[in-house]
Amino acid sequence: MDGKEDGVAAMAATYQGFDPAAYLQYNYTPPGADFENKDSVLLWKMGCLHRAFTEGDVSGELLVDIGSGSTLYQVMSGCEIFNKVILTDFLEVNQQELKRWLRNAEDSALDWTPFLKHACMLEGRQPSAWTEKAARLRSVVSDVLYVERAQPWPPHRLAQVCASLKKMGFTLIRLEVYTLPQDMRVGVDDVSGVFFAKAMKD
Ligand SMILES: C[S@@+](CC[C@H](N)C(=O)[O-])C[C@H]1O[C@@H](n2cnc3c(N)ncnc32)[C@H](O)[C@@H]1O
């Protein structure tokens, strides 16, 4: 194996035994996803996504979400703009979790209702419109596919990110940074922040 394959194999090994229910519980319930806390990283992420899809410069027929994991919040704004959405992940357990919600099964590991309500509110709709958004999302997601990036994930450091986007021919439209408040740095990882980059290929 060359270095690149080593990196992908190491990533695959890291994800062995991955438990989507535990992931959702850990990352998508308070304090990480707290609809009562305006500083919650989840609200920041959903705000970034809402802005990105409603600024008028994103359109097309097909939205492909790479590395969906077992989550749906990231396509709750985009699903109103695109008529077809494809979710992807390389873990079968994550694909199964997404499919459970899409077929309205009762054993979804997480109730996405508050997320759908919040996405509606960002769009200026009543939270009660969440049922319409859920129906829209279920109707536009045409597939949940296996995708494995052959390349290692892009660099995680902001300097590096901007430089490699430029190198690959992208123009950066928007870059937003969220710094994790000290009281939320209670996790098992060493994450100190998240960035959101919106870029367009020239
Ligand atoms: C940081 S998680 C994001 C999950 C989810 N979208 C979220 O916002 O919480 C990245 C996802 O990419 C998937 N992944 C990791 N390495 C991958 C690879 N080489 N090819 C495809 N997917 C990969 C993992 O299974 C994981 O679900």
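Q: What makes helix H3 largely enclosed by the rest of the structure?
A: Burial does: 12 of the 14 residues of H3 are buried, so the helix is largely enclosed. Buried means under 20% relative accessible area, exposed means over 50%, and partly exposed lies in between, with a 1.4 Å probe and protein chains only. Helices (H or I, at least four residues) and strands (E, at least two) are DSSP runs, numbered from the N terminus.

A quick word on the model: it is predicted, so local features need pLDDT of at least 70, side-chain atom pairs count only at pLDDT 80 or more, and totals for chains, interfaces and linings use all residues. Residues are numbered from 1 along each chain as its sequence is written, and side-chain values use heavy atoms, leaving out hydrogens and water.

Q: Why is Val41 called buried?
A: Val41, which lies in helix H3, has a relative accessible area of 13%. The cut-off is under 20%, so Val41 counts as buried.

Q: Why is His50 called buried?
A: Here the relative accessible area is 14%, and the limit is again under 20%. His50, also placed in helix H3, is therefore buried.

Q: What do the buried residues of H3 pack against?
A: They pack against strand E1 (62-65), helix H5 (113-122), strand E4 (170-179) and strand E5 (193-201). Contact means heavy atoms within 4.5 Å. Leaving aside neighbours within four places in sequence, Val41 is in contact with Gly32, Tyr178 and Val194. With residues up to four places away not counted, His50 touches Ser77, Leu122 and Glu123.

Q: How do you know that the span of H3 agrees with what is expected?
A: The expected span is 1.5 Å times one less than the number of residues. For the 14 residues of H3 (residues 41-54) that should give 20 Å, and the end C-alpha atoms are 20 Å apart, so the two agree.

Q: Which residue just after H3 takes a positive phi?
A: That is Gly56, with a phi of about 90°.

Now to the ligand.

Q: What makes the pair between Tyr23 and the ligand a polar contact?
A: A polar contact is a pair of N or O atoms within 3.5 Å; within protein, one must be able to donate a hydrogen and the other to accept it, and residues adjacent in sequence count only if both atoms are side-chain atoms. A polar side-chain atom of Tyr23 lies 2.4 Å from an oxygen atom of the ligand, which is within that limit of 3.5 Å.
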